[in-house]
Amino acid sequence: MKRLAIIGSTGSIGRQTLEVVKDLKNHKVVALSCGHNFSLFRKQLLEYKPDYAAAIRKTEELERDFPEITFFSGAEGIEEMLEAATPDVVVNGASGAIGLRYSLKALEVSRRLCLANKESLVCGGKLLIKRAVEKGAELIPVDSEHSAIFQLMRGKDKPEKIFITASGGALRDYSIEKMYNASLKEVLRHPTWSMGNRITIDSATMVNKGLEVIEAHYLFEYDEEDILTYICKNSLIHGGVIYSDGVIKMHLGKPDMKIPIAYALSYPKRGYHSDYMNIVEMSLMLEEIDYRKYPALELAREITGISSKQIAYNAADEIAVKYFEKGAIHFGEIFKLIKRVVELIPETDPRDFDEIVEIDRYSRELAEKEVAKL
Ligand SMILES: NC(=O)c1ccc[n+]([C@@H]2O[C@H](COP(=O)([O-])OP(=O)(O)OC[C@H]3O[C@@H](n4cnc5c(N)ncnc54)[C@H](OP(=O)(O)O)[C@@H]3O)[C@@H](O)[C@H]2O)c1
């Protein structure tokens with residue numbers, strides 16, 4: 001049995017990981033952490049009976065009702081939980097830049113980090129890869145597109161280029177003008193994937209694809225121009241690799257996050273069971289992405305490899321999404337805000353975690369000020 005810790009067990013990735021674990025049967029859940037959803041967390045603690053648990057806020061009621069579990073609280077508490085649990089495998093399904101600190105800790109205390117939290121690589125790509133090498137820990141991507149590339153690259157011949165796909169998000173059939181004023185309800189109607197709110201909104205702006213280009217840059221060591229992006233409306237093609245002799249390999253499958261989560265857990269084996277689609281019924285089509293409609297992807301490409309701007313891009317988006325969810329800004333203003341904050345942050349290469357945290361903090365402060373000027 002592998003000892004498994006899940007960060008963000010109450011989220012979309014966390015919940016699906018718990019489902020996958022039931023099918024894999026060779027993982028024991030030893031630690032779970034949540035943010036604020038205590039009612040779901042309570043059910044998970046009852047069902048999975050981990051030895052350790054953590055939440056962002058102190059949970060006196062849960063501590064009282066589960067005396068056999070050792071509890072921790074706060075972001076530091078989640079790190080302490082990982083240290084105490086000594087898991088073999090950690091799934092990081094937290095959302096946001098905060099996830100970087102959990103990823104760094106996971107690489108320190110476990111042998112494998114299954115990484116869904118893409119912000120870890122966007123904010124601290126160099127640091128994270130270095131930490132994985134130093135500690136001899138495996139970093140396995142969970143993001144479906146990166147899982148696809150990871151699976152396709154299990155050979156010695158490095159492809160010339162790689163590509164990842166996007167569904168185009170909920171507003172893909174809208175005109176640019178209509179997109180600007182789209183409501184939260186419209187934006188959350190994702191055509192193919194069922195995910196947390198932020199990533200669903202990020203799919204409509206293609207900030208998500210921007211974050212993923214940066215993620216791929218660090219994971220697979222490609223320059224931005226060699227990481228191609230296309231629209232695949234039914235999300236059946238997740239990614240592909242292109243070789244110098246013209247051969248293209250593509251990764252196809254159902255849009256179901258349980259599959260890449262399970263692969264990250266069971267790699268190098270395939271331990272998960274799922275039915276497969278009838279190939280003759282699959283419509284396989286890729287389309288070019290129109291940057292006039294998705295300027296956030298173009299901006300992410302411009303800043304790929306510039307750490308401080310990547311941190312600013314993510315931080316400004318987290319703030320912008322929060323305001324959009326509250327109805328305080330228009331959908332079209334999300335990009336305006338990100339662009340402004342990215343322009344304002346100088347180009348630097350943070351040397352350590354504290355510098356990353358400082359750039360993130362300053363970017364958020366700037367974003368808050370810029371919201372008021374919109
Ligand atoms: N969902 C997908 O299909 C998908 C696919 C690919 C990649 N990803 C990536 O995976 C990550 C998670 O996405 P998601 O869609 O699962 O998000 P989500 O549904 O919003 O879940 C986020 C999880 O993180 C917890 N959390 C919130 N604030 C936290 C904090 N400060 N510290 C620790 N944990 C905190 C939440 O707890 P509470 O809910 O209890 O507050 C929840 O368990 C993101 O980086 C996303 O880009 C997701």
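So, how many helices and strands does the protein chain have? The answer is 16 helices and eleven strands. One thing up front: what you're looking at is a predicted model.

Okay, overall shape. The radius of gyration comes out at 20 Å, and the globule rule gives 21 Å for 374 residues, so the chain is as compact as a globular protein of that length. If you lay the C-alpha trace along its principal axes, you get a span of about 55 × 50 × 40 Å.

Now the inside. Of those 374 residues, 58% count as buried. And take the contacts with a separation of 6 or more: 67% of them come from residues 24 or more positions apart.

On the outside, the chain exposes about 16,600 Å², and 51% of that is supplied by carbon and sulfur atoms. For those of you who think in electrostatics, there are 51 positive and 57 negative side chains. The centres of the two sets sit 4 Å apart.

Let me zoom in on one residue, D143. Where is it? In the loop between β7, which is 138–141, and α7, which is 144–152. And is D143 buried or exposed? Its relative accessible area is 7%, and the cut-off for buried is under 20%, so D143 counts as buried.

Which residues is D143 in contact with, leaving aside neighbours within four places in sequence? There we have L115, K118, E212, E215 and M257. So that's a loop residue that is buried, with K118 and E212 among its contacts.

That's my tour, thanks.

Notes
Residues numbered from 1 in each chain as written. Predicted model: local features only at pLDDT ≥ 70, side-chain atom pairs only at ≥ 80, totals over all residues. Heavy atoms only, no water. Helix = DSSP H or I, 4+ residues; strand = E, 2+ residues; numbered from the N terminus. Rg over C-alpha atoms; globule rule 2.2 N^0.38 Å. Buried < 20%, exposed > 50% of the residue type's maximum accessible area, 1.4 Å probe, protein only. Contact = heavy atoms within 4.5 Å. Areas by Shrake-Rupley, 256 points an atom, 1.4 Å probe, with all protein chains shown as cover. Lys, Arg positive; Asp, Glu negative; His and termini not counted. Charge placed at Lys NZ, Arg CZ, Asp CG, Glu CD.
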